[in-house]
Structure formats: structure tokens, C-alpha cells
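Please open the model in your viewer and keep the selection tool to hand. The tour below goes from one selection to the next and says what is found at each.

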Amino acid sequence: MQALPHLYTVSGRAESASDVSLSAAGLETLLSAPPAEFGGPGDKWSPETLLLASMADCFILTFKAVARASHLEWLSLSCEVDGTLEKSDGAVRFTRFLTRARLEIPEGVSVEVAERLLHKSEKACLIANSVSGEKVLEAAVSVAT
């Protein structure tokens with residue numbers, strides 16, 4: 001890892017009747033629009049879905065680093081994040097994030113160690129640490145047969 005601080009830059013652009021075009025150096029352009037709940041088409045990534053995708057992605061990448069550092073063998077990890085958006089303290093904001101992580105490990109690997117590393121990953125995830133809503137982790141570990 002490079003020394004901190006890191007600086008990331010993303011640009012957004014739109015015309016009055018177009019989707020938002022998001023870009024960053026070296027990455028493919030991504031189109032964004034309001035979700036259906038805000039009167040949008042519901043068929044594009046939105047700020048809301050992008051935030052939750054960032055949390056899921058960060059959790060998995062953090063787990064990969066934590067597992068590697070701990071020499072934990074694992075087979076697969078899926079992660080689903082639900083965000084509750086509501087009016088709170090006079091502003092519309094996400095008040096709760098539920099992360100459901102499902103980890104599959106090979107036989108002979110400790111379920112307890114794997115669960116501990118999932119919880120450690122949640123606490124180390126920089127995106128989750130950057131949001132203020134309540135964070136809940138439901139972790140499940142299964143052993144491949």
C-alpha cells in the first residue's frame with residue numbers, strides 16, 4: 001500500500017435531459033440516473049446503489065487482505081448490503097447498513113477463525129468507516145464438502 005493520504009478524483013457531467021456520466025482516469029465511463037424511488041428510470045446505477053456497491057466491494061477486498069495476512073484458506077465470499085434511507089435529523093440519509101456475508105471455507109479450516117476475520121474485515125473496511133449510519137454484519141461460514 002502507498003503511504004497515506006491518498007487522493008481520488010471522479011468527474012461527473014450531464015446535459016439537462018441526459019444521464020450523469022461518471023469518469024475517472026484509466027476507468028470506463030459509468031452512467032448514473034436517479035433510482036425509481038426518486039422518479040428516475042431505475043435501470044441505471046444511482047448514487048444510492050453506487051454507495052452500497054462500494055460497501056460490498058470494500059468489504060470483500062478488505063476480507064481478501066485480512067485473510068491473506070492471516071493465512072486463511074477460503075473458497076468464496078458473497079456479500080449483500082441493504083441500506084435504509086430515511087429522513088433523520090431533518091435530512092434524508094442512510095441510517096442503517098446491513099451487510100450479509102457468506103463465506104465458504106475448505107474442510108479443516110476453523111469456522112471460528114473465519115468468522116473472526118469476517119468481523120475484523122467489517123471493522124477495517126474504509127468505506128463502512130466513512131459512513132455514519134448504523135452498521136450491522138450478518139456473517140455465515142459454511143464448510144465445503
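What follows is a walk through a predicted model, with a helix, a buried side chain and a surface patch as its stops.

Begin by selecting residues 47-69, which make up helix α1. The C-alpha atoms at its two ends lie 33 Å apart, and this agrees with the expected span, because 23 residues at 1.5 Å a residue should also cover 33 Å. Within α1, now colour the buried positions, which are E48, L52, M55, A56, C58, F59, T62, F63, V66 and A67. If you then show β4 (76-88), β5, α2 (111-124) and β6 (134-143), you will have the elements against which the buried residues of α1 pack. Before leaving the helix, select H71, which follows α1 and has a positive phi, near 55°.

Move next to R100, which is located in strand β5. Its relative accessibility is 17%, and R100 therefore counts as buried, the limit being under 20%. Display its side chain together with those of E80 and D82: the side chain of R100 makes a polar contact with the side chain of E80 at 2.3 Å, and another with the side chain of D82 at 2.7 Å. Leaving aside residues up to four places away in sequence, R100 touches S78, C79, E80, D82 and E138.

Stay in strand β5 (residues 91-105) and select V92. Is V92 buried or exposed? With a relative accessibility of 54%, V92 counts as exposed, because the limit is over 50%. Finally, add F38 and L85 to the selection and turn on the surface, where these two residues and V92 form a nonpolar patch with about 280 Å² of accessible area together.

Key: Residues are numbered from 1 along each chain as its sequence is written. This is a predicted model: local features need pLDDT of at least 70, side-chain atom pairs count only at pLDDT 80 or more; totals for chains, interfaces and linings use all residues. Side-chain values use heavy atoms; hydrogens and water are left out. Patches are made of residues with over 30% relative accessible area and no salt bridge: like charges are joined within 9 Å, nonpolar side chains (Val, Leu, Ile, Met, Phe, Trp, Tyr) within 5 Å. Accessible areas come from the Shrake-Rupley method with a 1.4 Å probe; for residues, only the protein chains shown count as cover. A salt bridge is a side-chain nitrogen of Lys or Arg within 4 Å of a carboxyl oxygen of Asp or Glu. Helices (H or I, at least four residues) and strands (E, at least two) are DSSP runs, numbered from the N terminus. Buried means under 20% relative accessible area, exposed over 50%, partly exposed in between (1.4 Å probe, protein chains only). The expected span of a helix is 1.5 Å times one less than its number of residues. Contact means heavy atoms within 4.5 Å. A polar contact is a pair of N or O atoms within 3.5 Å; within protein, one must be able to donate a hydrogen and the other to accept it, and residues adjacent in sequence count only if both atoms are side-chain atoms.
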